Amino acid sequence: MLMDYLERWLTPNISLTDFNDRTIVLRYALHLSGRMALVAWGLIVLLHLLFHALGLLPYSVWQGILIGTVMGIPLTITLGVLATIVVGRSITALADARLEYLRQSRTDMLSGLPNRRAFTEALASDERGVLLLLDIDRFKQVNDRYGHLAGDEVIVAVAREFAGLAGDHHLVARIGGEEFAVFFRDMTIEEAKRAADEARQAVETTVISAGGQRLNVTISGGLAMIAAGRDYAAAYSAADRALYLAKGSGRNRIVDEGELATLTTTNPPMTEPSAQAG
């Protein structure tokens with residue numbers, strides 16, 4: 001009980017990230033050292049009283065307490081501050097390493113975009129918006145013809161285009177292979193479709209230098225609404241069907257879920273392009 005009380009009294013509330021601020025670390029060090037000095041002074045008084053009672057002091061109690069105070073308190077504070085700063089730097093390094101680990105675990109290393117895990121976690125707090133699923137048309141042919149390094153450069157180029165589309169308000173991620181996802185916040189599905197189609201056209205007209213070659217690629221996408229009462233899984237399934245239909249009805253297009261019935265009736269896809277040809 002006594003140790004628990006001392007621990008709570010000695011150490012103020014401070015988080016790992018606070019150790020990145022030198023002012024907070026110094027304030028913490030002074031706070032901790034001051035309280036340690038009070039504990040040390042109390043021990044000095046108690047020990048002198050005990051030694052006096054046992055007849056072990058060669059001088060008076062008050063002389064001993066005065067000497068202990070003059071020598072012990074400044075020494076305790078100085079050592080406490082130095083020790084706290086040294087430990088604080090170590091904690092800062094650990095906190096930075098932890099934050100970097102968390103960042104990397106949620107980042108696609110090739111494109112620099114958030115990965116699937118980060119994307120789904122971010123969407124958990126959003127109740128309304130438009131989900132866009134898209135992938136690069138015939139991406140396997142790019143890899144087969146120009147090599148995987150060229151394929152990586154194509155992914156980076158497409159990621160750059162959609163990162164610009166997302167800006168600071170919307171969210172874009174690479175969710176696997178040549179597949180990307182965008183979440184448009186505060187947009188109707190018509191607005192999101194216009195934005196996605198502009199990005200599609202920009203990708204189509206962009207000349208990509210890849211593997212020593214200059215080439216163009218196209219993308220296809222599917223859109224679905226996320227709203228109250230409709231979770232991410234349901235919206236993802238609808239957007240995925242729309243993407244599949246965009247692939248099967250000619251590629252290089254954006255299809256929203258409202259077009260599913262119409263396009264399926266007028267132009268049913270014969271095969272699943274994402275599985276066979278990209």
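Helix 7 (residues 189–205) contains 17 residues and reaches 24 Å from its first C-alpha to its last, close to the 24 Å expected at 1.5 Å a residue; the expected span is 1.5 Å times one less than the number of residues. Helices (H or I, at least four residues) and strands (E, at least two) are DSSP runs, numbered from the N terminus. The structure is a predicted model, in which local features need pLDDT of at least 70, side-chain atom pairs count only at pLDDT 80 or more, and totals for chains, interfaces and linings use all residues. Residues are numbered from 1 along each chain as its sequence is written, and side-chain values use heavy atoms, with hydrogens and water left out.

Buried residues of helix 7 (under 20% relative accessible area, 1.4 Å probe, protein chains only) include Ile189, Ala192, Ala196 and Val203. The buried residues of helix 7 lie on the same side because they cover an arc of only 145 degrees around the axis, taken from the directions from the helix axis to the C-beta atoms. On the other side, Arg194, Glu198 and Thr205 are exposed, that is, over 50%. The cover over the buried residues includes helix 6 (148–166), strand 3 and strand 7.

Five strands form an open sheet of mixed pairing, in the order 2-3-1-6-7; two strands pair if DSSP finds at least two bridges between them. Strand 2 (171–176) and strand 7 (254–256) are the edge strands.

Glu257 lies in the loop between strand 7 and helix 9 (260–266). Among the residues that Glu257 touches are Ile189 and Arg230, contact meaning heavy atoms within 4.5 Å.

Technical notes:
Lists of a residue's contacts leave out its neighbours within four places in sequence.
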